[in-house]
Amino acid sequence: RELLGPNHPGTLASMNNLAQALSAMGDLAEARPLQELAFEGTRNLFGERHPTTVVAMSNLAEILYSQGELTAARSLQEHALEICRDSLGEMHPSTLTAMNNLAQTLHELGGHSSAILMQQQVVSGRRNVLGDEHPDTVQAINILFGMTGSN
């Protein structure tokens with residue numbers, strides 16, 4: 001911040017990275033304001049549909065999800081998914097990750113049938129794009145199993 005300023009891409013990337021590290025360590029109270037700043041900064045600098053902004057948006061949604069703010073997380077996840085679909089296509093790995101994240105939130109919010117349908121699409125897409133053995137495919141299958149097993 002001191003060297004480059006608060007709105008420099010390098011500063012915003014560092015904020016995003018620090019917020020993700022804090023989140024991974026379980027310090028969501030410290031991570032959230034940094035991630036909010038990173039999201040707002042990238043949105044102001046690059047625009048709402050830029051890939052860097054979508055990553056920051058998704059990271060903020062992840063923190064909100066972890067804090068139990070599922071409705072707010074869902075809103076950001078839906079927006080991120082819309083942008084990914086429009087810019088990358090339905091089968092891009094980033095789009096499938098956005099779908100995966102939204103499906104989990106929908107499931108937590110009680111939308112079990114819509115979440116299961118969406119997660120089935122994630123599994124199918126990841127199988128087609130990444131193959132059956134890829135860790136992301138296996139993760140999607142495990143999430144789907146958890147959804148159907150707890151329903």
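The exercises below work through the helices, cores, pocket and selected residues of a predicted model.

Residues are numbered from 1 along each chain as its sequence is written, and side-chain values use heavy atoms, with hydrogens and water left out. Local features in this predicted model need pLDDT of at least 70 and side-chain atom pairs count only at pLDDT 80 or more, while totals for chains, interfaces and linings use all residues.

**Exercise 1. Compare the expected span of helix H3 with the distance between its end C-alpha atoms.**

Step 1. Helices (H or I, at least four residues) and strands (E, at least two) are DSSP runs, numbered from the N terminus. H3 covers residues 51-66, which is 16 residues.

Step 2. The expected span of a helix is 1.5 Å times one less than its number of residues. For H3 that gives 22 Å.

Step 3. The end C-alpha atoms of H3 are 23 Å apart, which agrees with the expected span.

Step 4. Just after H3, glycine 68 has a positive phi of about 85 degrees.

**Exercise 2. State which residues of H3 are buried and what covers them.**

Step 1. A residue is buried under 20% relative accessible area, exposed over 50%, and partly exposed in between (1.4 Å probe, protein chains only).

Step 2. In H3, the buried residues are Thr53, Val54, Ala56, Met57, Asn59, Leu60, Ala61, Ile63 and Leu64.

Step 3. Contact means heavy atoms within 4.5 Å. The cover over the buried residues of H3 includes helix H1 (9-24), helix H2 (28-46) and helix H4 (70-88).

**Exercise 3. Repeat the analysis for H2 and H6.**

Step 1. H2 has 19 residues and reaches 26 Å from its first C-alpha to its last, close to the expected 27 Å. H6 should span 27 Å with its 19 residues, and its end C-alpha atoms are 26 Å apart, which agrees.

Step 2. Buried residues of H2 include Leu34, Phe39 and Thr42, and those of H6 include Met118, Gln119 and Arg126.

Step 3. H1, H3 and H4 are among the elements covering the buried residues of H2. For H6, the cover includes H4, H5 and H7.

Step 4. Glycine 47, just after H2, takes a positive phi of about 100 degrees. H6 is followed by glycine 131, with a positive phi near 95 degrees.

**Exercise 4. Describe the largest nonpolar core and name a separate one.**

Step 1. A nonpolar core is a set of buried Ala, Val, Leu, Ile, Met, Phe, Trp, Tyr and Cys residues joined through side-chain atoms within 4.5 Å. In soluble globular proteins, nonpolar side chains tend to be buried together.

Step 2. The largest core has 28 residues, and those with the most contacts inside it are Phe39, Met57, Leu76, Leu81, Met99, Met118 and Met147. At least two residues of this core come from each of H3, H4, H5, helix H6 (112-130) and helix H7 (135-149).

Step 3. A second, separate core of nine residues includes Met15, Leu22, Ala38 and Ile63.

Step 4. Methionine 118 touches Leu81, Met99, Leu102, Ala103 and Leu106, not counting residues up to four places away in sequence.

**Exercise 5. Characterise the lining of the largest pocket.**

Step 1. On a 1 Å grid over the protein atoms alone, a pocket is an open set of points where a 1.4 Å probe fits, with protein on both sides within 12 Å along at least five of seven lines; lining residues have an atom within 4 Å of a point.

Step 2. The lining has 22 residues, and Ser58, Ser94, Thr97, Ala98 and Asn101 lie nearest the pocket's centre. H3, H4 and helix H5 (93-108) each give two or more residues to this lining. H3 gives the most, with eight residues.

Step 3. Ala, Val, Leu, Ile, Met, Phe, Trp, Tyr, Cys and Pro count as nonpolar, Asp, Glu, Lys and Arg as charged, and the others, Gly among them, as polar. The lining divides into ten nonpolar, ten polar and two charged residues.

**Exercise 6. Decide whether serine 23, glutamine 77 and histidine 92 are buried or partly exposed.**

Step 1. Serine 23 is in helix H1. Serine 23 is buried because its relative accessible area is 11%. Leaving aside neighbours within four places in sequence, serine 23 contacts Leu28, Ala31, Glu62 and Ile63.

Step 2. Glutamine 77 is in helix H4. Its relative accessibility is 8%, so glutamine 77 counts as buried.

Step 3. Histidine 92 lies in the loop between H4 and H5. With a relative accessible area of 30%, histidine 92 is partly exposed.
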